[in-house]
Amino acid sequence: MEVQGKVKLVGETQTFGSNGFRKRELVVTTEEQYPQHIMIEFVQDKTDLLNSFAPGQDVKVSINLRGREWLDPKTNTTRYFNSIQGWRIESLAPAAAGAQGGMPPMPPVDAFEPATDLNQDDNDDLPF
C-alpha cells in the first residue's frame with residue numbers, strides 16, 4: 001500500500017528498552033478534498049530513511065498495516081491496536097519547467113564549454 005502527500009512532521013529517532021528498539025514517526029498530510037494527517041512509523045534500520053526528508057516535501061510512502069491483540073491482565077478483556085509502518089519513502093519532486101513531455105531536464109549552463117572557434121567575419125543568412 002502507498003500514501004502520498006506532503007510531509008508535515010519528521011520526528012526524532014526514539015530508542016526503547018535494553019535491546020535498543022528504534023522508532024521514528026513521520027506525519028504526511030494527504031492532498032484530497034478532506035486532507036488527512038497520517039502518522040507512519042519507521043522502525044529499526046528504516047528510521048534512517050527519513051534523514052533526507054523535511055516538512056513541505058511531496059512524498060510517496062510504501063506502508064504495511066500492522067495489527068496486534070493485547071489482553072488486559074486486570075480486566076481480562078482483549079483490545080486491538082493498529083499501526084502503519086513505513087518501509088520505503090521517495091520524493092515526488094515537481095517536474096522542472098520545460099521537462100514536460102518526457103524530455104530530460106536541461107543541464108546547468110556551466111556544464112557547457114564556451115565556443116572558442118568563432119569567426120566574427122562569417123556572414124550568416126539568418127534574418128535576425
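In the predicted model, Asn76 is placed in the loop between E5 and E6. The residue is not a glycine, yet its phi is positive, at about 60°. Asn76 counts as exposed because its relative accessible area is 59%, over the 50% cut-off. The loop belongs to the hairpin of E5 and E6, in which four residues lie between the strands.

The two strands of this hairpin are E5, residues 58-72, and E6, residues 77-91. Their pairing is antiparallel and runs over 14 bridges. Within this pairing, Ser62 stands opposite Arg88 of E6.

A positive phi also occurs at Gln44, where the value is near 55° and the residue is again other than glycine. Gln44 is located in the loop between E4 and E5. With a relative accessible area of 34%, Gln44 is partly exposed, since this value falls between the cut-offs of 20% and 50%.

The protein as a whole contains six strands and zero helices. Along the sequence the order of elements is therefore β-β-β-β-β-β. The protein has 128 residues, of which 23% count as buried. Its accessible surface is about 10200 Å², and carbon and sulfur atoms account for 52% of this area. Of the contacts between residues at least 6 apart in sequence, 50% join residues at least 24 apart.

The largest nonpolar core comprises 13 residues. Those with the most contacts inside the core are Leu26, Val28, Ile40, Phe42, Val59, Val61 and Ile89. At least two residues of this core come from each of strand E1 (2-10), strand E3 (21-29), E4 and E5.

Ile40, one of these core residues, has contacts with several parts of the chain. Beyond its neighbours within four places in sequence, Ile40 is in contact with Val3, Arg24, Glu25, Leu26, Val28, Val61, Ile63, Ile84, Gln85 and Gly86. Among these partners, Leu26, Val28 and Val61 are also listed with the most contacts inside the core.

Val3, another partner of Ile40, lies in strand E1. Val3 is buried because its relative accessible area is 11%, under the 20% cut-off. Not counting residues up to four places away in sequence, Val3 touches Val28, Thr30, Ile38, Ile40, Val59, Lys60, Val61 and Ile63. Val3 and Ser62 are 59 residues apart along the chain, while their C-alpha atoms are separated by 6.6 Å. Ser62 is the residue that stands opposite Arg88 in E6.

Met39 is found in strand E4, which spans residues 37-43. In a regular strand the side chains alternate between the two faces of the sheet. Met39 is partly exposed because its relative accessibility is 34%, which lies between the limits for buried and exposed residues. Apart from its neighbours within four places in sequence, Met39 is in contact with Glu25, Leu26, Val27 and Ile84. Glu25, Leu26 and Ile84 also appear among the partners of Ile40. Between Met39 and Gly86 there are 9.7 Å from C-alpha to C-alpha, and the two are 47 residues apart in sequence. Gly86 is itself one of the residues in contact with Ile40.

Technical notes. Residues are numbered from 1 along each chain as its sequence is written. This is a predicted model: local features need pLDDT of at least 70, side-chain atom pairs count only at pLDDT 80 or more; totals for chains, interfaces and linings use all residues. Side-chain values use heavy atoms; hydrogens and water are left out. Buried means under 20% relative accessible area, exposed over 50%, partly exposed in between (1.4 Å probe, protein chains only). Contact means heavy atoms within 4.5 Å. Two strands pair if DSSP finds at least two bridges between them. Accessible areas come from the Shrake-Rupley method with a 1.4 Å probe; for residues, only the protein chains shown count as cover. A nonpolar core is a set of buried Ala, Val, Leu, Ile, Met, Phe, Trp, Tyr and Cys residues joined through side-chain atoms within 4.5 Å.
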